Amino acid sequence: EDGFARYLTAMFYEERGDWNEAVVAYRQALRAYKRARKLYGIRPPPSLLPNALRAARRRGGSAERELEQRYGPARPRTIPEGHGEAVVLHYNGPAPLKAETFFEVSFGAGWAYVSPMKRRQGRDSDGDAAFAAARSIAAHEIIRVAFPKYLPRPYVIRRMEIHAPGAEPARSELVENVGAVAVRSLEDRRDVVWGRTIARAAFKYAVSKGLCRKARREFDDLGALLTCAALEAARIATERADVRTWRTVPDQIGLASQALPAGQHDLAIRFFDGRGGLVTERTIPSVQVSPGERTFVMVRTIQ
């Protein structure tokens with residue numbers, strides 16, 4: 001469950017006038033953010049409950065009272081008559097880079113991961129050769145294992161503000177911390193990834209040893225030496241961690257919304273660092289705002 005996805009879904013339901021589904025999505029968003037605060041340190045956006053209460057009021061019934069009882073009192077967001085909303089999504093910063101780190105384990109410790117995996121997969125010729133070779137490999141021999149990890153990539157911009165003529169500036173709220181979710185997801189899967197990674201390295205090590213032993217029986221000294229060297233080079237070269245990742249995903253997503261009179265507006269977007277200093281500014285011209293509706297705009301920064 002992702003709080004930001006549910007929050008955005010609730011807004012889309014509102015745009016369709018489906019107030020019942022909007023309230024359901026807002027409830028799911030509130031629950032998801034409550035869990036995300038414990039897992040990733042992401043607080044519920046201050047605008048979430050007021051928007052949820054507005055949808056609940058439009059729906060009618062007991063939904064508004066139930067939300068206040070569960071999540072505390074708040075004033076439902078109101079949009080003046082003849083106004084709409086400009087909602088700006090700020091995709092900020094480069095997400096952490098997935099890299100690899102290497103560590104060493106004894107062959108005996110590594111081979112312990114192979115047996116249960118092999119029992120599930122059945123037998124084949126490579127497996128038979130590996131199991132045969134494993135009996136001749138000393139348990140204290142060392143194998144090198146590659147494991148994925150995330151490296152943060154620095155950036156300066158931390159928040160944005162919307163400025164439009166005749167309206168109060170609207171400050172962005174953090175609605176998604178993609179980097180924190182990625183790091184925590186890898187940590188949660190660490191035991192599984194760890195086991196598979198070590199099993200893969202130990203299995204390749206045993207296969208390489210088995211084929212090398214076979215080469216010594218069938219070739220002369222030079223041929224066996226070259227074969228064993230090639231096998232060892234191939235084993236080391238193919239020991240790589242899975243570092244595939246979306247390079248264009250932002251590290252964080254912010255959201256700001258501003259109530260504006262119906263019509264076209266030039267939105268000045270200002271970006272600030274963690275100390276409140278202005279980093280850069282850009283203008284989004286001719287943003288059309290319709291009465292009672294939301295207009296969504298997306299901006300991207302990697303500074």
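This tour visits one helix pair and two pockets in a predicted model.

**Stop 1: the helix pair**

Select residues 3-16, helix α1, and residues 48-59, helix α3. Their axes lie 11 Å apart and meet at an angle of about 30 degrees. Angles under 35 degrees count as roughly parallel, so α1 and α3 are roughly parallel to each other. Their crossing is left-handed.

Now show side chains. On α1, pick Tyr7, Met11 and Glu14. Across from them, on α3, pick Leu48, Asn51, Arg54 and Ala55. This contact holds four nonpolar, one polar and two charged residues.

**Stop 2: the largest pocket**

Keep Arg54 of α3 selected. Add Trp19, Arg58, Ile79 and Gly292. With Arg54, these are the residues closest to the centre of the largest pocket, out of 22 that line it. The pocket's volume is about 470 Å³. Which elements give two or more residues to this lining? They are α1, α3 and β1, so numbered at 83-94. Colour the lining by class: 11 residues are charged, six polar and five nonpolar.

**Stop 3: the second largest pocket**

Select Pro148, Val193, Thr197, Arg200 and Asp242. Of the 13 lining residues, these lie nearest the centre of the second largest pocket. The space here is about 260 Å³. Next, show β3 (142-151) and α9 (190-218), the elements that give two or more residues to the lining. Helix α9 supplies the largest share, four residues. Colour by class again: seven residues are charged, five nonpolar and one polar.

Terms used:
Residues are numbered from 1 along each chain as its sequence is written. This is a predicted model: local features need pLDDT of at least 70, side-chain atom pairs count only at pLDDT 80 or more; totals for chains, interfaces and linings use all residues. Side-chain values use heavy atoms; hydrogens and water are left out. Axes are lines fitted to C-alpha atoms, for helices over the stretch in contact, and angles run from 0 to 180 degrees between N-to-C directions. Angles under 35 degrees count as roughly parallel, over 145 as roughly antiparallel, 65 to 115 as roughly perpendicular and the rest as oblique. A crossing is left-handed if the near helix is turned anticlockwise from the far one by less than a right angle, and right-handed if clockwise. Contact means heavy atoms within 4.5 Å. Ala, Val, Leu, Ile, Met, Phe, Trp, Tyr, Cys and Pro count as nonpolar, Asp, Glu, Lys and Arg as charged, and the others, Gly among them, as polar. On a 1 Å grid over the protein atoms alone, a cavity is a set of points where a 1.4 Å probe fits but cannot get out, and a pocket is an open set with protein on both sides within 12 Å along at least five of seven lines; lining residues have an atom within 4 Å of a point. Grid points are joined across faces, edges and corners, and a volume is the space filled by probe spheres set on the points.
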